[in-house]
Structure formats: C-alpha cells, structure tokens
Amino acid sequence: MSFAVFAGLACAETANAQWARQTTFDVGAMRLTRDDFADTGGITAAALWGRWSDRVSLIGSGAVTRIADGRATGVGLGSASYSVPIRHARIEAGGTGTILGTSNQGPTSSWLGFARVHWLGNRWGTWIGAGGGDVHVSATTFGAGTGELGTWLRRGDQRLTLNATTVRTSLVSTVIFSDETVLRVREPVQYADVALSGHGAWRRFEVDAAAITRHAWKGELASTPTGALSVAWWATPYVAVAGALGRQLSDPLRGTARTRYATVVLRFSAERHGPAPVVRPLPAVPAGEASLIAVPGGGGRTLVQVRAPGAARVDLMGDVTGWAPLALERRGDLWEVRLTMASGSHHVVVRLDGGAWVAPANLARIDDELGGRVGLIVIP
Amino acid sequence: MRVARCAVLLAATAVVAWPGQGKAQGTSVPLDSATAAVIAPIIDQARAARLPVDLLYVKAREGQVRRVPLTAIESAVRALAQRLYAANEALAPNPSEQELRAAADAMKAGVPVETLRAMRKAGKDGSLAVPLGVLTELVVSGVPVEKASMQVVDLLNHGAVPKNFIALNERVQQDVLAGRRPEESLDLRLKGIFPTLPQPAQATGDGFIQSTTPKRPR
C-alpha cells in the first residue's frame, strides 16, 4: 500500500517528465552448478517492468524456475526511488523489496531503504550512498546495513561502471538436535564487493560483462575474483535470443549461495531494440546552422541527431525537455541525445556554442506566440 | 533447495541490470512565482474544463526560459488555452493530450475547426496525433490549408495509419528542401501512398487523386 501511494505521488509530481521504459519477458533453459552440489538443469521464465524519469525510478521483476527434480521457486523484486536535482547533484531516496519462495519452504524476504547522492556530468557520474533494513530468513529476522560508492562513464551506447558495496548483516545456520530441538545460530558477516561492469550495444548485439571480487573482514565469505558475461542478439526489434554464462557470489541479504550458471532464453520486449530505422538522411547545412532528425529507436526512446558543422557545443530544448536546455553528446560529426517522445508533434530549438536559440534549418517552423519560431517534428 | 533459489535470483537480477542508465537527461525548470500567479486563473478555468493543464504549464515555462515578458507569456498561454477548448470540443468525445497538443498546433497554423471534426469522423477511434502533426507540417511548409486538410481527411477515410502519414510528410519535406513546390510535391507523393492503403484510391494521369470513398447520400 505504501509503495503504491509513493509511486502515485511521484508520478503526479513528474507529469511532464521524460520516461524511459523497459518491459521484457524471458523464457528458456538453464544449467546450474554449485561447488557442493551436482549439476542440475531446469526451465525458467522471467519478466521485467521498469520506468524511469529524471526524478522517479520504478522497477518490478519476477521469475519462476522449475528444476529437473520437479521443485519450483519464485522470486519477486520491487524497487522505487525518487530523486531531487540540485544543480549538478541529485539526491535520491528509495527502497527495495525482495520475496523468495520455494515449493516446500517458507518465504525469504528482505526490505531495504537507501539514500544516495549523485554528481552528474555530461558523460559521467559518481555516487555515494547508504542503506539499511531487515532480512527475514528461516523464521529469523535480523538487520542489514549497506554502503556504496561508484562511478560510471558513458559514450553513446557503451557504458562502464565501477562500484564498491559494503554489507554488514548475518548468516543463519539451523541445527536440529536428536530431540527435534531446533537451534538457529546467527553469524555476523561484514564484507565488501568491488565490481567492474560494462555494457555495449552494436546494432543487433547487446553485451553485458562484469568482474567482481569480494573481501570479507568478518565471516567466511571471501571470494576469488569472478565474472559473468551475457549476450543478446535481437532477431527482430522485439524478439531476441539471449545467453549468459558466469558465476554469482553468495548473497546473504537474500539467502542465496555461490553458483555457476549458464542460461539460454528467448527474450520478448515491448520496446524496440536493435538498430534504429533510417528515416531520412540528415541534411547538410552550412557552418553556423543546424539540421535535426528524430528517429524512433531502441528501448522506446527516440534518437535525436543534430548536424552542426563547426560547433563545439550543441544544446537542445523543447516541450520534450520541459524547456530545459540539454547538452547533446558529440558522435563523429553529429550531436545526439536519446529522449522519450510521445507520438505526435513536438517543438524544438537548438543553440550552437551558447548563441541564440533557433529552429533547425531543415524543420518546418511554427510561430511560438512568444516572439520566436520553433521547429516542428512529428513522432510516429 | 538453494540451487533453485539461486536460479531465480540470477534470472531476476540479470534483467534488472543497468536500471539507472536508462534515465532521462534534463530537468524541468520550475515556474517562478510571478509567472505562476499570472497564469493561475487560466489554469483554473482549463482544469475546470478538464483540459490537460500540463500543456499550458509547458507553454509558460517556454516563455520563462526564453525571458519573455509576463504579459506576453499570459497572452500566449491564454491563446493556447482557447485553442485547446476548441480542439477539445472538435475532437470529442475523449481526445488525448497528444491529440490536443497537435490540434492546437494545427489551429495555430490556420487549420479550421471543421477539419478537426472531419478528421475525428474519418479517423474513428484511432489517434489523430500524427495526422494532425503532419497536417500542420504540410501547411507551414506551404501547402494551402484547404488542400492539405482535404487530403489528410481523405487519407484517413482510406485507412491510412501513422506510418503512412510520416512517410508522406518525409517525402514532401525532402522535396521542399530540394526546391520543389509544396503543393506539387504533395500531389506527387500521394500517388505513392494511396495504392498502399487498405482502401486504395486511384491516381489519375493529371496529378489528382480520384477518391474511392463512397459518398454519403444527402
């Protein structure tokens, strides 16, 4: 209930915000190996629903798995956060919840709140944060605290993230004596995970890779460096074949063990992926002028490209940005940004090197009733 | 049992990777108190009429960012509100915010309310946001409003969908940039669009489109 209220308030506050979307459904097969357990296979189905604006992040996901011996497991994850921008900083607060259930065991759950401060540049960002909450495992509830520090770099569709997360919580061991007395023993653990992860997209291919190492100073959770790789190939803009291979470290916050895995799934997306369709070439313009096209593209977003020969900086604003100036990113001889744009007509203007705001030369122009003219673009 | 737990967690966490990377850039500029006060009566009236007041706020924000005097902002917001009232009535019963925004642009370009009504009738329950946007672009590009209106309504009558309108518009805009007369380009490009529609019209040799829409008996 509180989550719904929070989400409703957040959405109401951001009626004009840009929303990015991700909605996928995976179904496929997996192979799992644990150090102290025989290999096993199974089938899995997973779904993701995510919506992000410049202030609100809402994520829900779920998965069900049935392994070879007939046992089944389901998990649901939810996350919500709200951000307040202050110049180049952004203060974010939110919470995450996880519920894990198996066919013959009670559910495991965790509820964590967090707060973060981000510093954002044009192609980079860094953040620091802390969180805490409760973990419920094997009929025992105990606390958990986290701290995090990270940074990311972005160049077009390629991104690199380095982050460190410290965790302070407990492990629970269950001992059953011959007289059926049950004793649950809590062992405090403290550790830090340092992860380097990257994401790349090249036409129909998307690749995610991660390397992680864990250092523990309380408890026996230390691990040698490990990694994971996942690849997706979009056969159509909405259907992909995806595979993943790697090792997952144990997660005391959710009661899961260290595992090696390999998966192959068919992925269905409600948003378009892969290369953006070429609608029309970006017209050449003389120095000092700009031309603009908007191409509906991957992830439900529209790629806006500007050609501005000789410009060292290009800004864009319009109804789609709430008339807030937005610095475009240079890619070769073009300037780009990806925006969520509703179907229909939109007004835009651009600014070259901090000069006057003008309508792009190739667009139809309409009087803005404010003494100027704006460029008109129509999004399908 | 933990094996299965790992499996589902793995699947679930794999798909939520990189959530923050999809975040939009840019932050809406809040209205200053003076601007908010000036447009407050207009907003109240629009809200009472169940119009999407966000469009009015966006117009006010545009004026504020462009450092336009308060009187000009008030005038622009009032003019937009009046077009939204008219569009809301013409596109009844339930026009979307995107349709109203596009209709307000079309009316600003000179498209009459009668055309909006005809488009709603021809387009039935489909969204008119794209057809209205394309109509506006055609008109501001130089196609006479009567001709552009008639052809857009005719396209809707023949089952044209947004991708048909987008394709038509792109070809006309390319022609205009290349120096062709807008009206001439529209005639030419319609010949390529109509045969692809669910209810194709017949193009005659003299550049006119012979509509196959059945005429309603008077």
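A residue counts as buried when its relative accessible area is under 20%, as exposed when the value is over 50%, and as partly exposed in between. This yardstick is handy for reading the structure described here, which is a predicted model.

A good place to apply it is the salt bridge between B:R66 and B:E62, whose closest N and O atoms are 3.6 Å apart. Because its relative accessibility is 21%, B:R66 counts as partly exposed. Its partner B:E62 has a relative accessibility of 1% and therefore counts as buried. This pair is one of 21 salt bridges found over all chains of the structure.

A further salt bridge joins B:K147 to B:D187, with the closest N and O atoms 2.8 Å apart. Here distant parts of the chain are linked, since B:K147 sits in helix α8 of chain B and B:D187 in helix α10 of chain B, 40 residues apart. Are these two residues, B:K147 and B:D187, buried or exposed? Both of them are buried.

Salt bridges can also join up into a network, as happens for B:D175, B:R180, B:R181, B:E183, B:E184 and B:R189. Within this group, B:R180 and B:D175 form a salt bridge in which the closest N and O atoms are 3.9 Å apart. The two ends can be compared with the same yardstick. With a relative accessible area of 34%, B:R180 is partly exposed, whereas B:D175 is buried, with a value of 8%.

Helix α8 of chain B, the home of B:K147, deserves a look of its own. It covers residues 145–157, and its 13 residues should span 18 Å at 1.5 Å a residue; the end C-alpha atoms are 18 Å apart, so the two values agree. The helix is mostly covered, with ten of its 13 residues buried. Among the buried residues are B:V145, B:A148, B:V152 and B:L155, and the list also includes B:K147 and B:D154. What do the buried residues of α8(B) pack against? Their neighbours are α6 (113–123), α7 (129–141), α9 (162–177) and α10 (182–193) of chain B. Just after the helix comes B:G159, which takes a positive phi of about 85 degrees.

One of the helix residues, B:L155, leads on to the nonpolar interior. The largest nonpolar core has 57 residues, and B:L116, B:L132 and B:L155 touch the most other members. Helix α4 (residues 70–90) of chain B gives this core its largest share, eight residues. Leaving aside residues up to four places away in sequence, B:L116 touches B:A87, B:A90, B:L91, B:A103, B:M107, B:V111 and B:L132. A second core, separate from this one, has 22 residues, including A:V304, A:L328, A:M341 and A:L363.

Nonpolar residues also appear on the outside of the model. A surface patch, with about 950 Å² of accessible area together, is formed by A:F25, A:V27, A:W202, A:F205, A:L229, A:V231, A:W233, A:V241, A:V264, A:L266 and A:F268. Three strands of chain A, namely β1 (20–34), β12 (223–236) and β14 (259–269), each supply at least two residues of the patch. Another patch member, A:F205, lies in strand β11 (residues 205–218) of chain A. Because its relative accessibility is 42%, A:F205 counts as partly exposed.

Terms used. Residues are numbered from 1 along each chain as its sequence is written. Chains are lettered from A and ligands numbered from 1 in the order in which they are written. This is a predicted model: local features need pLDDT of at least 70, side-chain atom pairs count only at pLDDT 80 or more; totals for chains, interfaces and linings use all residues. Side-chain values use heavy atoms; hydrogens and water are left out. A nonpolar core is a set of buried Ala, Val, Leu, Ile, Met, Phe, Trp, Tyr and Cys residues joined through side-chain atoms within 4.5 Å. Buried means under 20% relative accessible area, exposed over 50%, partly exposed in between (1.4 Å probe, protein chains only). Helices (H or I, at least four residues) and strands (E, at least two) are DSSP runs, numbered from the N terminus. Contact means heavy atoms within 4.5 Å. Patches are made of residues with over 30% relative accessible area and no salt bridge: like charges are joined within 9 Å, nonpolar side chains (Val, Leu, Ile, Met, Phe, Trp, Tyr) within 5 Å. Accessible areas come from the Shrake-Rupley method with a 1.4 Å probe; for residues, only the protein chains shown count as cover. A salt bridge is a side-chain nitrogen of Lys or Arg within 4 Å of a carboxyl oxygen of Asp or Glu. The expected span of a helix is 1.5 Å times one less than its number of residues.
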